[in-house]
Amino acid sequence: MEMLNPGSLTFVLVVIVVYILFTTWLTMRLRSKSSAEFNNAAKSLPAIVVGILLMSEFIGTKSTVGTAESSFTNGIASSWSLITVTIAFFLFSFFLVNKFYGTGKYTISGIIEQKFGKSTKMVVSVIMIIALLLVNLGNYLSGSAAIASILGLPLMTCAIITAVVSTFYFTFGGMKGVAWVTILHSLVKYAGIMITVGVAIYLCGGFKPVAAELPTHYFTWDGTIGGATIFAWLIGNMGAIFSTQFIIQAITSSKSAKEAKRSSLYAALLCLPLAIAIGIIGVCARYLYPNIDPIYAFPVFLEHMNPVLTAIVATSLVASIFVGVSTVALATTTLIIDDFYAPKAKPSPEKLMKVTRIASIVVGFVPLIGVVLAPELLSLSFFTRALRTSIAVVAAMGFYLPFFSTNRGATIGLGLSGVLTSVWYLLGDPYGIDNMYIAVITPFIVMVIDRYIGGNKKQNISENSEFKGAKV
């Protein structure tokens, strides 16, 4: 991929700097001034705002660049990695939104504690914090690589700029500030993707030549990916949406349970056009530039745009990075403060806000340590979703299969699932079995076994509790 000419590059840099300065000013205007505003915007957000937040959590630079890269190699079927997000949001709105909102909690660990107990809560919190730090590691790597390829800056420089700006956003903005600034980020992101797919199809002379030239598998429903992997993507996205801390935090920021459900449906509808567009971009890149590195399948089109369009698309990639990093880091900070610091320190509201901001800065910069060590983008993304999927399995069993829901079984199942899923991923998914399936099956089997080993004891305890609480 060629670099932009000096004039275009200077113009793009100026636009990005102005955009960062404007959104920084906007963040300060909308900053959170209390813990309630920092954690869930004091339940004041309209459904469409929450819907945009939910969409932005799953379609960031990592997913955009990674899906286009995969489409370049495997065909338009790679869009399933994002289409399954749409399906998962629909399912989430009908099966779990009302239940989560009704708990009155804004952390996934708090919801789990209500159903199981404190030990399960702590395991969930640790797994989620590790998974979210890995998510931001992927966000930094993918975003920095995309911006570095466009602007010609060193990867680490781009990563540091990303960390500084994003950390400022969520440290001062909290949920309230991040939510409203994300509206602007998302509009720019949507515009950037749609401009890129339009330019790609124009350069190809329409989609007919692409379909005639490329192998047939580029246009089949499963490409070279296969149905098993697509199903694993669906399971992973369902697991991530059903359990990810920021999703819970955003949902509980809605004004009511009805608004929360509506926001999830908005997110589903917003994701679908982007999923298809990004898949088309990757396939068009394969037709036009078959010899480039697949990772440039999305940014390669910037060199064929006029400076204004280039600036919009480049800014959209920057905006996607800021959204992804800010929301994930905000969720991570909330878990650390609510589950580990606040219960022990019992600070005053002023001290709590101060420590929260300090923790936010640490959380924002920790992933930089591993930037140069991160593996391939899409596999890292779905590995972190596999870790979160095990939490979703436990949460779903707590609501829908309470007969099998014991604190001991959930704690052991989650711990074992985290270890086995990580080992399976590091071994390269032996026998072609995706680590996602390990994350789903392990906690389920452990909880079922535990129920039949210690079920009678649990039932007796439950009956005794009900007897003591009964009025005679």
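**Notes on salt bridges and a helix pair**

1. Arg 408 and Asp 450 form a salt bridge, with their closest N and O atoms 2.5 Å apart. Arg 408 sits in helix H17 (residues 407-426) and Asp 450 in helix H18 (residues 435-469), so this pair ties together parts that are 42 residues apart in sequence. Keep in mind that this is a predicted model.

2. The two partners differ in burial: Arg 408 is partly exposed, at 45% relative accessible area, whereas Asp 450 counts as buried, at 9%.

3. A search of the whole structure turns up four salt bridges. Among the residues involved, Glu 113, Lys 121 and Asp 339 are linked in a network.

4. Taking that network link by link, Lys 121 meets Asp 339 through their side chains at 3.7 Å, N to O. The pair links distant parts of the chain, with Lys 121 in helix H8 and Asp 339 in helix H14 (residues 307-345), 218 residues apart. Both of these residues are buried.

5. Lys 121 also meets the side chain of Glu 113 in a salt bridge, at 3.4 Å, N to O. Here Glu 113 is partly exposed, with a relative accessible area of 29%, while Lys 121 comes in at 11% and counts as buried.

6. Now for a helix pair. H8 (residues 118-151) packs against H9 (residues 155-204) at about 120°, their axes 8 Å apart, which means H8 is oblique to H9. The crossing is right-handed. Contact residues include Tyr 140, Leu 141 and Ser 144 of H8, and Leu 155, Cys 158 and Thr 162 of H9. By class, the contact has nine nonpolar, two polar and no charged residues.

How values were computed: Residues are numbered from 1 along each chain as its sequence is written. This is a predicted model: local features need pLDDT of at least 70, side-chain atom pairs count only at pLDDT 80 or more; totals for chains, interfaces and linings use all residues. Side-chain values use heavy atoms; hydrogens and water are left out. Axes are lines fitted to C-alpha atoms, for helices over the stretch in contact, and angles run from 0 to 180 degrees between N-to-C directions. Helices (H or I, at least four residues) and strands (E, at least two) are DSSP runs, numbered from the N terminus. Angles under 35 degrees count as roughly parallel, over 145 as roughly antiparallel, 65 to 115 as roughly perpendicular and the rest as oblique. A crossing is left-handed if the near helix is turned anticlockwise from the far one by less than a right angle, and right-handed if clockwise. Contact means heavy atoms within 4.5 Å. Ala, Val, Leu, Ile, Met, Phe, Trp, Tyr, Cys and Pro count as nonpolar, Asp, Glu, Lys and Arg as charged, and the others, Gly among them, as polar. Buried means under 20% relative accessible area, exposed over 50%, partly exposed in between (1.4 Å probe, protein chains only).
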